Amino acid sequence: MTQEPALQIATPLDARTPWTRRHLLDLDELSRDEIETILETTDAMKEIMGREVPRVPALRGRTIVTLFYEASTRTRASFELAGKALGADVINVAAGGSSVEKGESLIDTVRTLEAIGAEVLVMRHPAAGAPYLVARHLSASVVNGGDGQHAHPTQALLDLYTMRAHIGDMRDKRVVIVGDIAHSRVVRSNIWGLAAMGAKVVVCGPPTLLPAGMRHGQQQTEEPLALPHVEVETNIDTALEGADVVMALRLQKERMHGGLIPSIREYATLYQITPERLARAKTGALVMHPGPINEGVEISPEVATSLQSVIEEQVTNGVAVRMAVLYLLARGKA
Ligand code: CP
């Protein structure tokens with residue numbers, strides 16, 4: 001019989017702000033210290049993932065359920081792996097094939113999952129706010145795995161973790177996010193996280209793909225979007241000048257109603273991250289993308305696979321970040 005490895009999670013929790021939150025719904029509710037706590041706990045999880053047997057019994061006996069009403073590869077698979085690496089029981093439920101198809105409501109579905117033992121519910125839903133509604137009805141912890149075009153906190157955390165691993169202190173670093181800003185939950189969560197860490201965020205895209213209320217040349221978007229300060233730029237060459245990080249976003253066609261761009265080809269001509277455009281950023285600037293990528297549209301294949309690209313590293317870090325989140329939320333549950 002193989003011996004289970006000892007639980008050695010070198011968490012900074014005891015030395016820093018104690019973790020008291022029950023849910024992770026977005027980064028707007030987290031302080032800089034709480035974000036640091038997650039990132040430092042992620043360091044400990046990375047160490048576990050590097051072991052020959054990447055498994056600890058930290059959450060043995062805990063039950064985690066993933067409930068996805070929208071497609072996912074990275075988020076769902078990495079939460080499953082994260083839960084299993086911590087010794088939890090993980091159950092995956094997709095709306096398709098579940099009793100949702102028989103008309104069961106969201107609240108009845110999550111109550112059913114709690115009744116069978118879910119202590120942490122990781123959910124993705126096309127409606128903004130769905131995880132907030134669920135959190136009000138359950139004793140279980142709720143993790144937002146993406147709600148409509150509102151928020152995707154664990155994506156932003158893994159993005160921050162990856163930036164911090166390469167750049168260190170993010171204060172005053174220029175992070176340029178290019179693409180379909182209007183429909184991106186990733187950009188909103190990143191704006192909150194990056195603002196908390198002191199970075200300068202620039203969002204860039206055609207005017208039709210900027211949220212209502214964001215206008216070219218604005219330095220501040222507190223009203224009516226209630227977001228922290230960002231610089232808004234429609235000219236990609238200007239936006240990329242001096243960037244420390246360049247993040248490309250895909251066109252979220254599933255959330256577009258009506259023709260917001262003349263054609264994919266024209267969009268690619270004007271906004272694709274190409275080697276020539278990337279040359280305007282700082283030497284060695286990080287290239288990032290939350291995925292899934294449409295190569296040849298928002299990013300050229302050369303840039304996506306260049307030495308500056310940390311896109312695969314983002315995906316790998318996603319497991320450790322989600323281990324940290326699950327551990328912090330679930331370890332205290334009896
Ligand atoms: N970035 C992201 O959320 O990817 P998935 O849709 O594959 O989970």
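**Ligand site between two domains**

The chain of this predicted model is divided into domain 1 (19-152 + 316-331) and domain 2 (153-311), with bounds from an automatic or database domain assignment. Residues are numbered from 1 along each chain as its sequence is written. Local features need pLDDT of at least 70 and side-chain atom pairs pLDDT 80 or more, while totals for chains, interfaces and linings use all residues; side-chain values use heavy atoms, without hydrogens and water.

Student: How many residues does each domain give to the contact?
Tutor: The centres of domain 1 and domain 2, over C-alpha atoms, are 25 Å apart. Counting heavy atoms within 4.5 Å as contact, domain 1 gives 34 residues and domain 2 gives 28 residues.

Student: Where does the ligand lie relative to the domains?
Tutor: Its shell (a heavy atom within 4 Å) includes Arg-124, His-152, Gln-155 and Pro-290. Both domains give residues to this shell, so the ligand lies between domain 1 and domain 2.

Student: Which ligand atom is 3.1 Å from an N or O atom in the side chain of Gln-155?
Tutor: A polar contact here is a pair of N or O atoms within 3.5 Å. A backbone N or O atom of Thr-73 lies 2.8 Å from an oxygen atom of the ligand. For the side chain of Gln-155, the partner is a nitrogen atom.

Student: What share of the ligand's accessible area does the protein cover?
Tutor: Accessible area follows the Shrake-Rupley method with a 1.4 Å probe. On its own the ligand has 260 Å², and the protein covers 91%.

Notes:
Polar contact = N/O pair within 3.5 Å; in protein donor to acceptor, adjacent residues only side chain to side chain.
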